[in-house]
Amino acid sequence: MGLNKEPYSVVVFGPQSEMGLPLGRKIATLINKARTGFFAVVIAVFPVAATLAGPQEDAEAAYKRGDFATAYRLYLILAQADNAVAQRSLGAMYIEGHGVPQDTTEAVKWYRRAADRGDAQAQRSLGVMYYYGTGVPESFDEAAKWQRRAADQGDAEAQVNLGNAYVKGEGVPQDYAEAVKWYRRAADQGNARAQFCLGIMYDDGHGVPQNDTEAVKWVRLAAEHGLAQASDALGSMYSQGHGVPRNDTEAVKWYRLAAEQGDVRDQVKLGTLYVKGEGVPQDHAEAVKWFRLAAEQGDTHAQVNLATLYLEGEGVPQDYAEAVKWFRRAAEQGNALAQGELGDMYMRGSGVPSDYTLAYMWFNLAAAGGLRPAPEGRDSVAKLMTPAQIAQAEKLSREWQPKPELAKGVAP
């Protein structure tokens, strides 16, 4: 995965889970799962003056039961009395649009007030806002400054974020040893993201001597704390015999743990292992189950695999219409293999009415996407078409646009 502008993240392995990838390619997002999800701030209870304890507890209770209007009113009273927790909580409400219109500028205002009073969570959140240029001009320097202030207070998430900044050299000079220092501080607090990142640093030998044993140790700790990416990585370590004896059964165990947490890559891996009978008994019905879970999240590989099982009647009753449905969802995202299969089904009239124009279009798109058999399919169907039909198919090909929004998930 490429090095994206997302520093507050963990290492994520692609479908092949290569532990040996360059470090820069291993840093990818964990918290950007929704437009505002990574800004969400946990409203924790901090000791405050006794005179404020009652209203704060009332505000927190109102927020938890979804009475955001009451929560906002009570937090505002507390915030105006310089209660940092209330100020930070108002920032979160403006980010989430809970009880108030969503307003990132107002969120920054309240985060800053709490941050200036020393609230570590607010300092971390303010750093995130500066990094993304949300509600403030983008500034890596300011982002790193506020992450450091929170990290110096022992905030484990900020320590991970600061470690990531040192890995990427954003707002601070690139310094793997400093990154390791901050990862270790957070890891020693039990932070799974930090444990995972520290394991990767040991695996790559960045900032520390390369050490497979230490890499496995820290990745395992992160996996045991429930981090899906770590479970995926540990599964790959066992699958490849990387730092541990190769053990397909252990690999499947960790892949399953990540898959059960909704990790798409591991759902696809698990489905593939059930198709092949590697580390588990061959079971096409189980493969269908895992491919479907990933397919419904928009993964094109899973969609193609699920469509193929419907096409062949393995693990499910043979159903050409269902095959077409799943090939189409992958094809519309630009998957060349799915486009070629869809072209073939339109040419043959399998699961859809025969339509040479659409068959030509999908073959043409698949060919442009690099699918080697696609030109042959396109040429075959062209022999059955009139010049006008070919011209129409070429026009449709030129006008076609992928639908990347489908990668966000589809209805079952």
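This briefing describes the overall architecture, the salt bridges and one unusual backbone angle of the structure above. The model is predicted. The protein comprises 20 helices and 2 strands, and buried residues account for 50% of its 412 residues. The structure holds 19 salt bridges, three of which are treated individually below, including the pair Glu157 and Arg193.

**Overall architecture**

- Secondary structure consists of 20 helices together with 2 strands.
- Of the 412 residues in the protein, 50% are buried.
- Contacts between residues at least 6 apart in sequence include 53% that join residues at least 24 apart.
- The exposed area of the protein is about 17900 Å², of which carbon and sulfur atoms supply 51%.

**Salt bridge between two helices: Glu157 and Arg193**

- Glu157 and Arg193 form a salt bridge through their side chains, with an N to O distance of 2.5 Å.
- Glu157 belongs to helix α7 (residues 156-168) and Arg193 to helix α9 (residues 192-204), so this pair ties together parts that are 36 residues apart in sequence.
- Glu157 is partly exposed, its relative accessible area being 27%.
- Arg193 has a relative accessibility of 6% and therefore counts as buried, the cut-off for that class being under 20%.

**Salt bridge within one helix: Asp344 and Arg348**

- A salt bridge also joins the side chains of Asp344 and Arg348, at 2.9 Å from N to O.
- Both residues lie in helix α17 (residues 336-348), and because they are 4 residues apart there, about one helical turn separates them.
- Arg348 counts as exposed, with a relative accessibility of 57%.

**Buried salt bridge: Asp263 and Arg265**

- In the salt bridge between Arg265 and Asp263, the closest N and O atoms are 2.4 Å apart.
- Asp263 and Arg265 are both buried.
- As general background, side chains of opposite charge can pair when their charged atoms come close.

**Backbone angle at Asp82**

- Asp82 has a phi near 70°, a positive value in a residue other than glycine.
- In general, most residues other than glycine have a negative phi.
- Asp82 sits in the loop that runs between α2 (68-80) and α3 (84-96).
- The relative accessible area of Asp82 is 42%, so the residue is classed as partly exposed.

Notes
Residues are numbered from 1 along each chain as its sequence is written. This is a predicted model: local features need pLDDT of at least 70, side-chain atom pairs count only at pLDDT 80 or more; totals for chains, interfaces and linings use all residues. Side-chain values use heavy atoms; hydrogens and water are left out. Buried means under 20% relative accessible area, exposed over 50%, partly exposed in between (1.4 Å probe, protein chains only). Contact means heavy atoms within 4.5 Å. Accessible areas come from the Shrake-Rupley method with a 1.4 Å probe; for residues, only the protein chains shown count as cover. A salt bridge is a side-chain nitrogen of Lys or Arg within 4 Å of a carboxyl oxygen of Asp or Glu.
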